[in-house]
Amino acid sequence: MALSLLGLAVFLFVTMDSDYTSSTAYAAASEGVEITYGSVIKLMHEKTKFRLHSHDVPYGSGSGQQSVTGFPNVDDANSYWVVRPEPDTSAKSGDNIKSGTIIRLQHMKTRKWLHSHLHASPISGNLEVSCFGDDNNSDTGDYWRLEIEGSGKSWRQDQRVRLLHVDTSGFLHSHNKKYSRIAGGQQEVCGVREKKADNVWLAAEGIYLPTAESKASM
C-alpha cells in the first residue's frame, strides 16, 4: 500500500495544476477528508465493500468497450479514479465539489472515462457502464451528477453518495452478481434508474488534494 500511495503522489506531482505542486496531498487514512478536483480516489460500494474497478479488457457483448467491475481486494492499482470537472468550466484542481455538481471520473491507469449508455449490461441487462475515450476525447456519456445523501453540501470521504448518469438517468449501481470467466470473482457494475440501496458509494483509499481555501491559508 505504501508503494501504491508513493506512485500516486508522483502521478499528482506530474499532472496537477502548477499552483498545487508545492502543496500537500493527503493520503486518506481518516474520515472526513474533503474531496476536490484532481484527487485520486477509490470508490467503495457501500453494501458489498467492492471497489469500482476497470482494466484493459473489453466487454464481450454490448458496446465492446473497456469493462468496469466491482473488485474485492483493497490493494489494487486498477481501482483508482481521478476526479475531474466538466470540460470548459472554471473549476480547477483543489476546488471542492458540491452536491448536484456534474463530475467526470477518469480511470488512472488506462486514462479512459467512466461512461454509460443504453447498451445492456452483461449479467443483469441493466444499463451498461464502461470506460471510453482518453485524455483528449470525452463526451456527455462521461457526465455523472453527484448526489450527497444527508445534510452535507460538499463531498467528503465519510459521506454516502450516489452518481446519476446525465444522459441515461441511471444511478451507478453494483450488486452481488459476479462474473465467472474473464473477470471471475468480480461483480457487475451497471446503471439502474431506480434509487436503491445498491447504488450508494463512499470514497475510500486515495490521495486527496487540499482545498483551494486550505492552500490560500498556508
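Buried means under 20% relative accessible area, exposed means over 50%, and partly exposed covers what falls in between, using a 1.4 Å probe and protein chains only. Keep that in mind for Arg160, which at a relative accessible area of 33% is partly exposed.

Before going further, a word on what you're looking at. This is a predicted model, where local features need pLDDT of at least 70 and side-chain atom pairs count only at pLDDT 80 or more, while totals for chains, interfaces and linings use all residues. Residues are numbered from 1 along each chain as its sequence is written, and side-chain values use heavy atoms, with hydrogens and water left out.

Let's start with the whole chain. Its secondary structure comes to two helices and 13 strands; these are DSSP runs numbered from the N terminus, with helices being H or I of at least four residues and strands being E of at least two. Of the 218 residues, 52% count as buried. Take the contacts (heavy atoms within 4.5 Å) with a separation of 6 or more: 68% of them come from residues 24 or more positions apart. On the outside, the chain exposes about 9,800 Å², and carbon and sulfur atoms supply 50% of that; areas like this come from the Shrake-Rupley method with a 1.4 Å probe, and for residues only the protein chains shown count as cover.

Now zoom in on strand 5, residues 81–85. Five of its five residues are buried, and that goes for both faces: Trp81, Val83 and Pro85 sit on one side, Val82 and Arg84 on the other. What does strand 5 pair with? Two strands pair if DSSP finds at least two bridges between them. Strand 2 and strand 5 do so in the antiparallel sense over two bridges, with Val40 standing opposite Val82. Strand 5 is also joined to strand 6 (residues 102–107) by five bridges, again antiparallel, and here Arg84 has Arg104 as its bridge partner.

Next come the charged pairs. How many salt bridges does a search of the whole structure find? It finds nine, counting a side-chain nitrogen of Lys or Arg within 4 Å of a carboxyl oxygen of Asp or Glu. One of them joins Glu34 to Arg156, with the closest N and O atoms 3.7 Å apart. Glu34 lies in the loop between strand 1 (26–27) and strand 2 (40–45), and Arg156 in the loop between strand 9 (144–148) and strand 10 (161–165), so this pair ties together parts that are 122 residues apart in sequence. Glu34 counts as buried at 16% relative accessibility, whereas Arg156 is partly exposed at 35%.

Glu149 is worth a look too, since salt bridges link Glu46, Glu149, Arg160 and Arg162 in a network. Glu149 meets Arg160 at 4.0 Å, N to O, and it meets Arg162 at 2.7 Å. Arg162 lies in strand 10 and Glu149 in the loop between strand 9 and strand 10, so the pair ties together parts 13 residues apart in sequence. Glu149 is partly exposed at 26%, but Arg162 is buried at 6%.

Arg162 leads on to Asn199, since it is among the residues that Asn199 touches, along with Val161, Phe171 and His173, leaving aside residues up to four places away in sequence. Where is Asn199? Its place is in the loop between strand 12 (187–192) and strand 13 (201–208), and at 0% relative accessibility it counts as buried. A polar atom of the Asn199 side chain lies 3.0 Å from the backbone oxygen of Glu194.

Technical notes. Polar contact = N/O pair within 3.5 Å; in protein donor to acceptor, adjacent residues only side chain to side chain.
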